[in-house]
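User: Please examine the following model and answer some questions about its architecture.

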Amino acid sequence: MKALEFLIFLRDEKHACPTLKTGKPSNNELRQFLKDDVVQLNGKFLRTEDDNIEWPPESLIFWPNHKGKEGQMSRKATIF
């Protein structure tokens, strides 16, 4: 499965999915998240929509390098 297909699956099946607004992100937003290093799977960034997903996925983190007032912040999602 490719990275973009994986994010679309998570979004459409109502699993965890990155978003910046309420509602579901569009496919173009998901592509942009990949380009912006928003998605880290099994300790590796998914950077292009054609990156292959390593199975079984063990960890999924959205915005792993986001720095806010409290320092580094991660949003972890449980997979299935």
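Analyst: Contact means heavy atoms within 4.5 Å. This is a predicted model, in which local features need pLDDT of at least 70 and side-chain atom pairs count only at pLDDT 80 or more, while totals for chains, interfaces and linings use all residues. Residues are numbered from 1 along each chain as its sequence is written, and side-chain values use heavy atoms, with hydrogens and water left out.

User: Of the contacts in the protein chain with a separation of 6 or more, what percentage comes from residues 24 or more positions apart?

Analyst: The contacts considered are those in the protein chain with a separation of 6 or more. Among these, the share of residues 24 or more positions apart is 35%.

User: Which pattern of helices and strands does the protein chain follow along the sequence?

Analyst: Helices (H or I, at least four residues) and strands (E, at least two) are DSSP runs, numbered from the N terminus. The protein chain has 2 helices and 4 strands. Read along the sequence, the pattern is α-α-β-β-β-β.

User: Which element gives the most residues to the largest nonpolar core?

Analyst: A nonpolar core is a set of buried (under 20% relative accessible area, with exposed over 50% and partly exposed in between; 1.4 Å probe, protein chains only) Ala, Val, Leu, Ile, Met, Phe, Trp, Tyr and Cys residues joined through side-chain atoms within 4.5 Å. The largest one has 16 residues, of which Leu34, Val39, Leu46 and Leu60 touch the most other members. Two or more residues each come from α1 (3–12), α2 (27–35), β1 (39–41) and β3 (60–68). With 5 residues, the element giving the most is α1.

User: How are α1 and α2 oriented to each other?

Analyst: Axes are lines fitted to C-alpha atoms, for helices over the stretch in contact, and angles run from 0 to 180 degrees between N-to-C directions. The axes of α1 and α2 come within 10 Å and cross at roughly 125 degrees. Angles under 35 degrees count as roughly parallel, over 145 as roughly antiparallel, 65 to 115 as roughly perpendicular and the rest as oblique. The orientation of α1 and α2 is therefore oblique.

User: Is Asn52 buried or exposed?

Analyst: Asn52 lies in the loop between β2 (44–45) and β3. Leaving aside neighbours within four places in sequence, Asn52 is in contact with Met1 and Lys2, and the C-alpha atoms of Asn52 and Lys2, 50 residues apart along the chain, are separated by 4.6 Å. Because its relative accessibility is 54%, Asn52 counts as exposed.
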